[in-house]
Amino acid sequence: MLMLAHITFTGSRVALMLHAIALGATPFGVGVVVSLLAVLPMLLSVHAGRWTDRTGIVKPVLAALAMMVAGGVLPAVWPSLPVLGLASVLMGTGFMVVHLAINNEVGHATTPENRTAAFSLLALGFSTSTVLGPIIAGSLIDFAGHAAAFLALAAFSLAALGVLRLARRPAQARAPSALPANPRVADLLRHPPLRAVFIASGMLSMAWDLFTFMVPIQGARLGLSASTIGFIMGAFGAGTFIIRLIMPRLGRKLSEWRVLTGALIVTAGVYLLFPLFTAVPVLMGLALLLGLGLGSALPMILSVIHRTAPEGRTGEAIGVRSMLINTSQTVLPVLFGALGAALGTIPVFWTLAAILGWGSVFAGREAAEKT
């Protein structure tokens, strides 16, 4: 279900951006459309996490997938910038709920001994959809138009509803968790292990968001076709897929914080180099390397959260992480778009490279403390 929903989400993210550009939107306007993917998730992810803690997977995912189907159909029927904005809200909110509910369910269905391997397997499906979504979107836009692309992407979430129907009975077997009285987000933010992983996760999310936002804009400025942009983004997804194939073995040899430190170092290096090249093979190679770095982080982050979160609040802790991520996804596209329009793409890439460089020092200290 997560892979099917993520194909809809990643493909629609590319389709929304390219359709906005085709409708004459400025980089700032494109940034606004993309930011709307994260506005409601930023505000509602903690509540959604508590919802999944209380009720399990079925009701949240059913509602969320229906929102994603609607988010794909609307811009196909009524192509305009306001409708693209509405579709962004539906897509972003729907996928946020799907992601929270399924990750929480996987965490509860595993043990500390096999949890990292289980999240690596889940992330492997995530990587598959990261490859397929942009390629499907870009190819369909080139050969059949934006409307056909949106309808095809909505069909993947419709298929996920069918999977939910098949999985509904076993998914209800887990008894819902009871939340403590008056749960407060501040309690989780004051929890030192969770606070550290929230900081690292936020920086890595910024790196992921910069890639998905700036590459279509950079590609359009270089005169690349939608399908070529999709293949560059697909190379990133291929990198995440490759690294997650070996993550269970790597996780047995390296601590979680060692892996996160390496991910931040690799990502900072890629962003120093990416805006300096225009050749498609080089851009695809850098995207692949970036995928290797960022792809290694997600299983480790989720494993740390499930290992350290207070009992009965894992969904809420994942929701806090999602809130922080979606805050960056709301603010950064607008900021990146404005900065890119004023100064060009190089300052955007290099500013984030500097932030990630500091993050690698922070993560290295956490790794040293845990050894």
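## A walk through the helices, cavities and surface

Alanine 160 lies in helix H7. Keep in mind from the start that this is a predicted model. With a relative accessible area of 0%, alanine 160 is buried, because anything under 20% goes into that class. If you leave out residues up to four places away in sequence, alanine 160 touches Met1, Leu4 and Leu65. Glutamate 366 is another story: 206 residues separate it from alanine 160 in sequence, and the two C-alpha atoms are 39 Å apart in space.

Step back one residue and you get to alanine 159, which is found in helix H7 (residues 146-171). Is alanine 159 buried or partly exposed? At 38% relative accessibility, alanine 159 counts as partly exposed, since the middle class lies between the 20% and 50% limits. Alanine 159 and leucine 65 are 94 residues apart in sequence, yet their C-alpha atoms sit 9.5 Å apart.

**Two buried residues in H1 and H4**

Threonine 8 has its place in helix H1 (residues 2-22). Its relative accessible area is 0%, so threonine 8 is buried. Which residues does threonine 8 touch, not counting those up to four places away in sequence? They are Met68, Met91, Leu153, Ala154, Phe156 and Ser157.

Valine 61, in helix H4 (residues 58-77), also comes out at 0% relative accessibility and therefore counts as buried. Leaving aside residues up to four places away in sequence, valine 61 touches Met1, Val98, Ala101, Ile102 and Leu164. Met1 turns up here, just as it did among the contacts of alanine 160. Measuring C-alpha to C-alpha, valine 61 is 27 Å from histidine 146, with their positions 85 residues apart in sequence.

**Over to H5**

Leucine 81 is placed in helix H5 (residues 81-108). Its relative accessibility is 36%, which means that leucine 81 counts as partly exposed. Setting aside neighbours within four places in sequence, leucine 81 is in contact with Ala20, Leu23 and Ala25. Arginine 190 is 109 residues away along the chain, and its C-alpha atom is separated from that of leucine 81 by 41 Å.

Here are the C-alpha pairs mentioned so far, side by side:

| Pair | Apart in sequence | C-alpha to C-alpha |
|---|---|---|
| Alanine 159 and leucine 65 | 94 residues | 9.5 Å |
| Valine 61 and histidine 146 | 85 residues | 27 Å |
| Alanine 160 and glutamate 366 | 206 residues | 39 Å |
| Leucine 81 and arginine 190 | 109 residues | 41 Å |

**Empty space inside**

Rolling a probe the size of a water molecule over the atoms shows where empty space is left. How many cavities of 30 Å³ or more are there? The count comes to three. The second largest cavity holds about 50 Å³ of space. Helices H5, H6 (115-144) and H13 (297-308) are the elements that give two or more residues to its lining. The largest share of that lining, four residues, comes from H6. As for who is there, the second largest cavity is lined by Leu2, His99, Asn103, Phe119, Leu122, Ala123, Phe126, Leu298, Pro299 and Leu302.

Now for the largest pocket, which has about 170 Å³ of space. It is lined by 11 residues, and the closest to its centre are Pro112, Glu113, Arg115, Thr116 and Ser303. H6, helix H10 (226-253) and H13 each supply at least two residues of the pocket lining. H6 and H13 are on the list for the second largest cavity as well.

**A nonpolar patch on the surface**

On the surface, Leu272, Leu273, Leu276, Phe277, Val282, Ile346 and Trp350 form a nonpolar patch. Together these residues have about 580 Å² of accessible area. Which helices each supply at least two residues of the nonpolar patch? Helix H11 (256-273) and helix H15 (345-370) do.

One of the patch members, isoleucine 346, is found in H15. Its relative accessible area is 33%, so isoleucine 346 is partly exposed. That value also clears the limit for patch membership, because a patch residue needs over 30% relative accessible area.

Key: Residues are numbered from 1 along each chain as its sequence is written. This is a predicted model: local features need pLDDT of at least 70, side-chain atom pairs count only at pLDDT 80 or more; totals for chains, interfaces and linings use all residues. Side-chain values use heavy atoms; hydrogens and water are left out. Buried means under 20% relative accessible area, exposed over 50%, partly exposed in between (1.4 Å probe, protein chains only). Contact means heavy atoms within 4.5 Å. Patches are made of residues with over 30% relative accessible area and no salt bridge: like charges are joined within 9 Å, nonpolar side chains (Val, Leu, Ile, Met, Phe, Trp, Tyr) within 5 Å. Accessible areas come from the Shrake-Rupley method with a 1.4 Å probe; for residues, only the protein chains shown count as cover. A salt bridge is a side-chain nitrogen of Lys or Arg within 4 Å of a carboxyl oxygen of Asp or Glu. On a 1 Å grid over the protein atoms alone, a cavity is a set of points where a 1.4 Å probe fits but cannot get out, and a pocket is an open set with protein on both sides within 12 Å along at least five of seven lines; lining residues have an atom within 4 Å of a point. Grid points are joined across faces, edges and corners, and a volume is the space filled by probe spheres set on the points.
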